[in-house]
Amino acid sequence: MSRGILFVVATPIGNLGDITIRALDTLRACHRIVAEDTRRTRQLLSHFAIGGKEVQRLDSHASPRDVARIVDGLASGEQVGLVTDAGTPAVSDPGGALVEAAIAAGVRVVPLPGASALLAALVASGLAADGRFRFFGFLPRGGSAHRNALALVASTAEATVLFEAPNRLRATLHDLADATPERRACVARELTKVHEELVRGTCAELAADEREWLGEIAVVLGAHAPQERAMRIDDTALDARIDEALSRGEHARSVAETLAAWSGRGRREVYMRVIGRKKR
């Protein structure tokens, strides 16, 4: 029996009018649909009068065995549509594991392009006119992984896009402002929906906004020159920030990671300076 096909189907991120005709035709023709949230997907199918479809959950809690069962169906000839909650699957999304497994099994993977929060935020921000950018998805929630990711974002010269949960956005904006206060940025909220909003300013200006952020959020940071910032931060200013952080009881490594991002200097250089200041 010939192998099946895994269709990676983009669905609307808000406005249902953004669905494509090809996406609808494919979802109608598939043997079954694999979704991050079956409830939301059934609502989408119901809106477009697509009935009689098996909808199988594949979320972040899915096990390798769950993925393997879907691949077994594909290998036996099934045509499966992969969708996510909203937008394009496999981008900061558990569907990526299925795509990877299908490719490894020799299954044909067919992308159906469409709505994407990443691209919608990027093109509306006005911060990536040269077309170059980096995408970081969701930053780690805390600890050294978060600090390392933040340092990487701050040291990236190209425009940068990341996703964030509304309850963590304020803290993330403060972290970004601490690292690169003058960098231009845009918070894209509820894209394509009734309450769509794009808030622009520097990282420092956005961090000072005390509103309660709600909805689906993408943050776009403009291109900048970390090397030029490193030249502007002299030893006196860096030492003052080190002393201030150490006086609050922060760990040396944490101080070094944060201030390396802020100053544009290498983490090892800043860490050795922190150790020296701490011994004093």
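# Two sheets, two cysteines and two pockets

Cys 203 is buried, with a relative accessible area of 2%, where buried stands for under 20%, exposed for over 50% and partly exposed for the range in between, using a 1.4 Å probe and protein chains only. The model is a predicted one, in which local features need a pLDDT of at least 70 and side-chain atom pairs count only at pLDDT 80 or more, while totals for chains, interfaces and linings use all residues. Residues are numbered from 1 along each chain as its sequence is written, and side-chain values use heavy atoms, with hydrogens and water left out.

The closest cysteine sulfur to that of Cys 203 belongs to Cys 186 and lies 11 Å away, which is too far for a bond. Cys 186 also counts as buried, at 0% relative accessibility. The structure accordingly holds 0 disulfides, a disulfide being a pair of cysteine sulfur atoms within 2.5 Å.

## Chain and sheets

Of the 280 residues in the chain, 46% are buried, and the C-alpha trace spans about 70 × 40 × 30 Å along its principal axes. The chain has 12 helices and 10 strands, which are DSSP runs numbered from the N terminus (helices H or I, at least four residues; strands E, at least two).

One open sheet consists of 5 strands in the order 3-2-4-1-5, with parallel pairing; two strands pair if DSSP finds at least two bridges between them. Its edges are strand 3 (54–57) and strand 5 (108–112), and because each has a single partner strand, one side of each is left without a neighbour in the sheet. Neighbouring strands of this sheet are turned against each other by 25° on average, direction ignored, with axes fitted as lines to C-alpha atoms (for helices over the stretch in contact) and angles running from 0 to 180 degrees between N-to-C directions. Strand 1 (residues 5–9) runs parallel to strand 5 and is joined to it by 5 bridges, and Val 9 stands opposite Leu 112 of strand 5.

Another open sheet of 5 strands has the order 6-7-10-8-9, and here the pairing is mixed. Strand 6 (133–138) and strand 9 (197–202) form its edges, so that each, having a single partner strand, keeps one side without a neighbour in the sheet. The average turn between neighbouring strands of this sheet is 15°, direction ignored. Strands 6 and 7 run parallel and share 5 bridges, with Arg 134 standing opposite Thr 160 in strand 7. Strand 8 (residues 184–189) and strand 9, by contrast, run antiparallel and are joined by 6 bridges; the bridge partner of Arg 184 in strand 9 is Thr 202.

Strand 7 is mostly covered, 6 of its 6 residues being buried. Ala 159, Val 161 and Phe 163 point one way from this strand, whereas Thr 160, Leu 162 and Glu 164 point the other way, and all are buried.

## Pockets

The table sets out the two pockets. A cavity or pocket is found on a 1 Å grid over the protein atoms alone: in a cavity a 1.4 Å probe fits but cannot get out, whereas a pocket is an open set of points with protein on both sides within 12 Å along at least five of seven lines, and lining residues have an atom within 4 Å of a point. Grid points are joined across faces, edges and corners, and a volume is the space filled by probe spheres set on the points. For the lining, Ala, Val, Leu, Ile, Met, Phe, Trp, Tyr, Cys and Pro count as nonpolar, Asp, Glu, Lys and Arg as charged, and the others, Gly among them, as polar.

| Pocket | Volume | Lining | Classes of lining residues |
|---|---|---|---|
| Largest pocket | about 690 Å³ | 30 residues | 13 nonpolar, 6 polar, 11 charged |
| Second largest pocket | about 220 Å³ | 14 residues | 5 nonpolar, 6 polar, 3 charged |

Nearest the centre of the largest pocket lie Ala 86, Ala 117, Phe 138, Phe 163 and Glu 216. At least two lining residues of the largest pocket come from each of helix 5 (117–125), strand 7 (159–164), helix 7 (166–179), strand 8 and strand 10 (217–221). In the second largest pocket, the lining residues closest to the centre are Pro 12, Leu 16, Arg 40, Leu 44 and Asp 85.

## A distant pair

Ala 237 lies in helix 10 (residues 235–247) and is partly exposed, with a relative accessible area of 32%. Its C-alpha atom is separated by 57 Å from that of Ile 70, and the two residues are 167 residues apart along the chain.
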